[in-house]
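This report looks at one protein chain together with the ligand it holds. Please keep the sequence and the structure in view while reading.

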Amino acid sequence: MQRKGAADKVPAQRITAIYPGSFDPITNGHLDLIERGSKIFDELIVAVLRNPEKDPLFSVEERVEMLNEVTQHCANVSVDTFDGLLVDYAVRNRARVILRGVRAISDFENELQMALMNRKLDPNLETVFMMPAVAYTFLSSHLVREVCKLGGDVRSLVPPLVEARLRAKAVSL
Ligand code: ADP
């Protein structure tokens, strides 16, 4: 069978992906995923969930500000917030992909459940999983908050700006 030449093909659709999460705060693991995602999708929206049930360390506005600063070098990445159903937010933004990270087997069950539920809600939406660099597979925002609270050094775990904000928070708490 002959391969279709590029000239015969229908132009590929632009793919917008959404990377949703709490990002409280953004870690080097999140950033690693954002950089990987920005290389394969035309547009990547990092979407901070407005979740009234959680008691966050940083306000949504603070998290958005930090995300904007540390993703400045990725031209096709934007930062936004959302509440309600992720699938509705995806439709509003004409996104066809949800990007999620998997660090370890422990992430898998929850992520699988969410991905299948989102597929049930909107069969046109695909969840794409990416793995971070090995060095970040143990890293979570929760762990960073705990280490920082106990006075540990988080410089290799988060961008410098985030480390400074964490230190300022620890002093003011
Ligand atoms: P949640 O509150 O749902 O855990 P997070 O903001 O912590 O959201 O994470 C958002 C997404 O980023 C999730 O898919 C999570 O698995 C992924 N993620 C978090 N930390 C890392 C990391 N170190 N490496 C790769 N992916 C990560």
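## Polar contacts with the ligand

A polar contact is here a pair of N or O atoms within 3.5 Å. The model is a predicted one, and the distances that follow are computed from it. A backbone N or O atom of phenylalanine 23 lies 2.8 Å from an oxygen atom of the ligand, which falls within the 3.5 Å that a polar contact allows. Glycine 101 also takes part through its backbone, where an N or O atom is found 2.7 Å from a ligand oxygen atom. Arginine 100, by contrast, uses its side chain, in which an N or O atom is 3.0 Å from an oxygen atom of the ligand.

How much of the ligand does the protein bury? Taken alone, the ligand exposes 550 Å², and the protein buries 86% of that area.

## The shell around the ligand

There are 16 residues around the ligand, and those that come nearest are Tyr19, Ser22, Phe23, Gly101 and Leu139. Sorted by class, this shell is made of 7 nonpolar, 5 polar and 4 charged residues. Strand E1 (16–21), helix H1 (28–40) and strand E4 (97–101) are the elements that give two or more residues to the shell.

## The loop between E1 and H1

Phenylalanine 23 belongs to the loop between E1 and H1, and its backbone deserves a second look, since this residue has a positive phi of about 50° although it is not a glycine. Proline 25 is likewise placed in the loop between E1 and H1. A cis peptide bond, with omega about 0°, joins this proline to aspartate 24.

## The largest pocket

Which pocket is the space taken by the ligand? The ligand takes up the largest pocket, which holds about 970 Å³ of space. Its lining is formed by 40 residues, and the closest to the centre of the pocket are Ser22, Asp24, Ser141, His142 and Arg145. By class, this lining consists of 17 nonpolar, 11 polar and 12 charged residues.

Several elements each supply at least two residues of this lining, namely E1, H1, helix H2 (60–70), E4, helix H4 (105–121), helix H5 (141–149) and helix H6 (160–172). The largest share comes from H5, which contributes 6 residues to the lining of the largest pocket.

## The second largest pocket

The second largest pocket contains about 330 Å³ of space. It is lined by 20 residues, of which Leu49, Phe82, Leu86, Met114 and Asn118 are the closest to its centre. The elements that give two or more residues to this lining are E1, E4, H4 and strand E5 (126–130).

Which element provides the largest share of the lining of the second largest pocket? That element is H4, with 6 residues. The residues of this lining divide into 11 nonpolar, 6 polar and 3 charged.

## The chain as a whole

Stepping back from the pockets, one can follow the chain through its 6 helices and 5 strands. Read from the N terminus on, with β for a strand and α for a helix, the elements run β-α-β-α-β-α-β-α-β-α-α. The C-alpha atoms of the chain fill a box of roughly 65 × 30 × 30 Å, taken along the principal axes.

Notes
Residues are numbered from 1 along each chain as its sequence is written. This is a predicted model: local features need pLDDT of at least 70, side-chain atom pairs count only at pLDDT 80 or more; totals for chains, interfaces and linings use all residues. Side-chain values use heavy atoms; hydrogens and water are left out. A residue is near a molecule or strand if one of its heavy atoms lies within 4 Å of it. A polar contact is a pair of N or O atoms within 3.5 Å; within protein, one must be able to donate a hydrogen and the other to accept it, and residues adjacent in sequence count only if both atoms are side-chain atoms. Accessible areas come from the Shrake-Rupley method with a 1.4 Å probe; for residues, only the protein chains shown count as cover. On a 1 Å grid over the protein atoms alone, a cavity is a set of points where a 1.4 Å probe fits but cannot get out, and a pocket is an open set with protein on both sides within 12 Å along at least five of seven lines; lining residues have an atom within 4 Å of a point. A molecule sits in a cavity or pocket if more than half of its atoms lie within 2 Å of its grid points. Helices (H or I, at least four residues) and strands (E, at least two) are DSSP runs, numbered from the N terminus. Ala, Val, Leu, Ile, Met, Phe, Trp, Tyr, Cys and Pro count as nonpolar, Asp, Glu, Lys and Arg as charged, and the others, Gly among them, as polar. Grid points are joined across faces, edges and corners, and a volume is the space filled by probe spheres set on the points.
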